[in-house]
Amino acid sequence: MSNSNYILELKDISKNFGGLQAINRLSFQVEKGLIFSIIGPNGAGKTTAINLITGIYPPGSGDIFFEGQKLIRKRPYQVAHMGIGRTFQNIQVFRNMTVRENVMVGLHTKSHSGFLKCLLQTPMVRKEEKIIRQKTDETLKFLDLDSKADLRVAGLPYGDQKRVEIARALAMEPRLLFLDEPVAGLNLQETKEMSRTILKIREKGITIILVEHDMNLIMGISNIITVLNYGEKIAEGSSKEIQNNPKVIEAYLGKEF
Ligand SMILES: Nc1ncnc2c1ncn2[C@@H]1O[C@H](COP(=O)(O)OP(=O)(O)OP(=O)(O)O)[C@@H](O)[C@H]1O
Ligand SMILES: [Mg+2]
């Protein structure tokens, strides 16, 4: 157990890939209900940090706590069941399925009905299906995707596709949500919509850990920002503190500035 005032705590996490130190003794604490952003130059270790927390691979050393419970050595599906959702830097949606099907797939991985029971269509399975359908439709409505529920994802604008991926994560009712570059590749209008969507998710009381290169978005909506460079935390603070931090400026622009 650990101090559970924080929804997430990383303590001295390190990870190397071969000879490369991708994360070096990283520690941070995330307060509930905030938008906590992680920024840093390409290759700084942002996605690796998310992958370590969500169980994609184990850290080399260190500890991670979610609501006071140890996360180390949990598998990705266990992490998801504990209440942590995520989206991926390289969008992961089933392009040939509809919007609704994409969201339902996520909920099916969480359902209790095994394959055989599904084939037999027991009353329990039918009830579960109904709940899954309801949760899916609520989530689609929340993300303004309800009018597109029956459309194939492949034909949708990229901004909608990104929201489908978020919908799949949200339908599982996470208390902590990781968004890895949610506005990369979006146009200005889509970026504004995504910004509103992220704020709406925070209003629900869900804690968000946001990784982004779009500094307008980061500075506009983050409650607190952590900066990584070469796998190490070099700064943490409000957007104003981060923008004026010489170490951060140097990491982004090089020493000559
Ligand atoms: N599975 C892996 N195997 C080997 N090296 C990896 C692996 N994942 C990441 N790395 C390396 O670790 C470092 C950190 O990568 P990471 O993807 O975490 O960076 P990032 O901060 O997310 O960058 P970007 O902003 O470009 O997405 C990079 O040097 C990367 O090449
Ligand atoms: Mg990344």
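**Notebook: strand S8, its sheet and the ligand shell**

I began with one pair of residues in this predicted model, and I noted that Leu-176 has Thr-207 as its bridge partner in S8. From there I followed the chain out of S7, through helix H7 (residues 188–203) and into S8, and I recorded this β-α-β crossover as right-handed.

**Entry on the partners of S8.** I looked up how S8 is paired, keeping in mind that strands of a sheet pair through backbone hydrogen bonds, either parallel or antiparallel. Strand S7 (residues 176–180) pairs with S8 in the parallel sense over five bridges, and I found Leu-179 there with Leu-210 as its bridge partner in S8. Strand S3 (residues 35–39) also pairs with S8 in the parallel sense, over four bridges, and on that strand Ser-37 stands opposite Leu-210.

**Entry on the whole sheet.** I then wrote down the order of the six strands, S6-S7-S8-S3-S9-S10, which form an open sheet with mixed pairing. Strand S6 (84–86) and strand S10 (232–237) stand at the edges, and because each has a single partner strand, one side of each is left without a neighbour in the sheet. I noted that the twist averages 20 degrees from one strand to the next.

**Entry on what covers S8.** Are the residues of S8 buried or exposed? I found that five of the five residues in S8 (residues 207–211) are buried, and that this holds on both faces, with Thr-207, Ile-209 and Val-211 on one side and Ile-208 and Leu-210 on the other. I also looked at H7, which lies across S3, S7 and S8 and runs at about 150 degrees to S8.

**Entry on the ligand.** I listed the residues that surround ligand 1, among them Phe-17, Gly-40, Asn-42, Lys-46, Thr-47 and Gln-89. Strand S2 (20–31) and helix H1 (46–53) are the elements that give two or more residues to this shell, and H1 gives the most, with three. Sorted by class, I counted four nonpolar, seven polar and one charged residues around ligand 1.

**Entry on Ala-251.** Finally I turned to Ala-251, which lies in helix H10 (residues 246–253), and I classed Ala-251 as buried because 20 other C-beta atoms lie within 10 Å. Which residues is Ala-251 in contact with, leaving aside its neighbours within four places in sequence? I found Gly-40, Pro-41, Val-227, Asn-229 and Ile-234. Gly-40, which I had already met in the shell around ligand 1, is 211 residues from Ala-251 in sequence, yet the two are 7.8 Å apart in space, C-alpha to C-alpha.

Notes:
Residues are numbered from 1 along each chain as its sequence is written. Chains are lettered from A and ligands numbered from 1 in the order in which they are written. This is a predicted model: local features need pLDDT of at least 70, side-chain atom pairs count only at pLDDT 80 or more; totals for chains, interfaces and linings use all residues. A residue is near a molecule or strand if its C-beta atom, placed from the backbone, lies within 6 Å of it. Ala, Val, Leu, Ile, Met, Phe, Trp, Tyr, Cys and Pro count as nonpolar, Asp, Glu, Lys and Arg as charged, and the others, Gly among them, as polar. A residue is buried if 20 or more other C-beta atoms lie within 10 Å of its own, exposed if 12 or fewer, and partly exposed in between; C-beta atoms are placed from the backbone. Two residues are in contact if their C-beta atoms, placed from the backbone, lie within 7 Å. Two strands pair if DSSP finds at least two bridges between them. A crossover is right-handed if, with the strands pointing away from the viewer, the path from the first strand over the helix to the second runs clockwise. Axes are lines fitted to C-alpha atoms, for helices over the stretch in contact, and angles run from 0 to 180 degrees between N-to-C directions.
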